[in-house]
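Me: I'd like a close look at one part of this protein. Could you walk me through the main pocket, and then whatever sits around it?

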Amino acid sequence: MAQSIPAKLETAELISRDPATGEEIGRAPQTMPEDVARAVGRARAAQRDWAATSFRARARLMMKTRKLILKEIEHIALLISRETGKPVAEAIAIEITPSLDLMQFFARHAETLLRRERIGLGLY
């Protein structure tokens, strides 16, 4: 049976800790349900603009974002390592590199992958 979790005080924070040392890495405020609902509404509105954006413009934005990640790869990998306890090299190899590869793949092939196409279902 599902249970609802009571809302926390607005000042409550989530604390991220290094699992190896227990050292605090950072804090983020807990989000209240009404804030989540507003964020979902903004995301839905933004999606309409995104859907109207050309595949070429989307690809440029994806590649620009990819460049930013590459520029900050060491910092990102260190943060992943500290939050998960995995080695930095593993964070790069398992977490970041596949994401960068997929960003490039989808930037190059999104128009083909997302084209409108009627797909027959055979006997069904």
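Reply: Here's a tour of the pocket, followed by the surface beside it and the charged pairs elsewhere.

Keep in mind that this is a predicted model. The largest pocket has a volume of about 170 Å³. Its lining is made up of Trp50, Phe55, Arg58, Ala59, Met62, Phe106, Ala107, Ala110, Leu113 and Leu114. Two elements, α2 (55-71) and α4 (88-113), each give two or more residues to that lining. Sort the lining by class and you get nine nonpolar residues, no polar ones and one charged residue. Since Arg counts as charged, the charged one is Arg58.

Some of those names come back when you look at the outside. A nonpolar patch on the surface is formed by Leu102, Phe105, Phe106, Leu113 and Leu114, and together they have about 480 Å² of accessible area. So Phe106, Leu113 and Leu114 belong to the pocket lining and also to the patch. Take Leu114: this residue is found in the segment after α4. Leu114 counts as exposed because its relative accessible area is 53%, and the cut-off for exposed is over 50%.

Follow the chain onward and you reach Leu121, also found in the segment after α4. Leu121 is exposed too, with a relative accessible area of 62%. Its C-alpha atom is separated by 23 Å from that of Glu111, and the two residues are 10 apart along the chain.

Now for the charged pairs. Side chains of opposite charge can pair when their charged atoms come close. The model has five salt bridges. One of them joins Arg82 and Glu23, at 3.3 Å from N to O. Arg82 lies in helix α3 (residues 73-84) and Glu23 in the loop between β1 (13-17) and β2 (24-29), so this pair ties together parts that are 59 residues apart in sequence. Both ends are partly exposed: Arg82 at 25% relative accessibility and Glu23 at 43%.

A more local case is Asp35 with Arg38, a salt bridge at 2.3 Å, N to O. These two are three residues apart in helix α1 (residues 33-52), which means they are separated by about one helical turn. Asp35 is partly exposed at 30%, and so is Arg38 at 47%.

Salt bridges that share partners also join Glu13, Glu24 and Arg27 into one network. Within that network, the side chains of Arg27 and Glu24 meet at 2.8 Å, N to O. Arg27 is partly exposed, with a relative accessible area of 46%, and Glu24 is partly exposed at 33%.

Methods:
Residues numbered from 1 in each chain as written. Predicted model: local features only at pLDDT ≥ 70, side-chain atom pairs only at ≥ 80, totals over all residues. Heavy atoms only, no water. 1 Å grid on protein atoms, 1.4 Å probe; cavity = no way out; pocket = protein on both sides within 12 Å on 5 of 7 lines; lining within 4 Å. Points joined across faces, edges and corners; volume = space filled by probe spheres on them. Helix = DSSP H or I, 4+ residues; strand = E, 2+ residues; numbered from the N terminus. Patch = residues over 30% accessible without salt bridge, like charges linked within 9 Å, V, L, I, M, F, W, Y side chains within 5 Å. Areas by Shrake-Rupley, 256 points an atom, 1.4 Å probe, with all protein chains shown as cover. Salt bridge = Lys/Arg side-chain N within 4 Å of Asp/Glu carboxyl O. Buried < 20%, exposed > 50% of the residue type's maximum accessible area, 1.4 Å probe, protein only.
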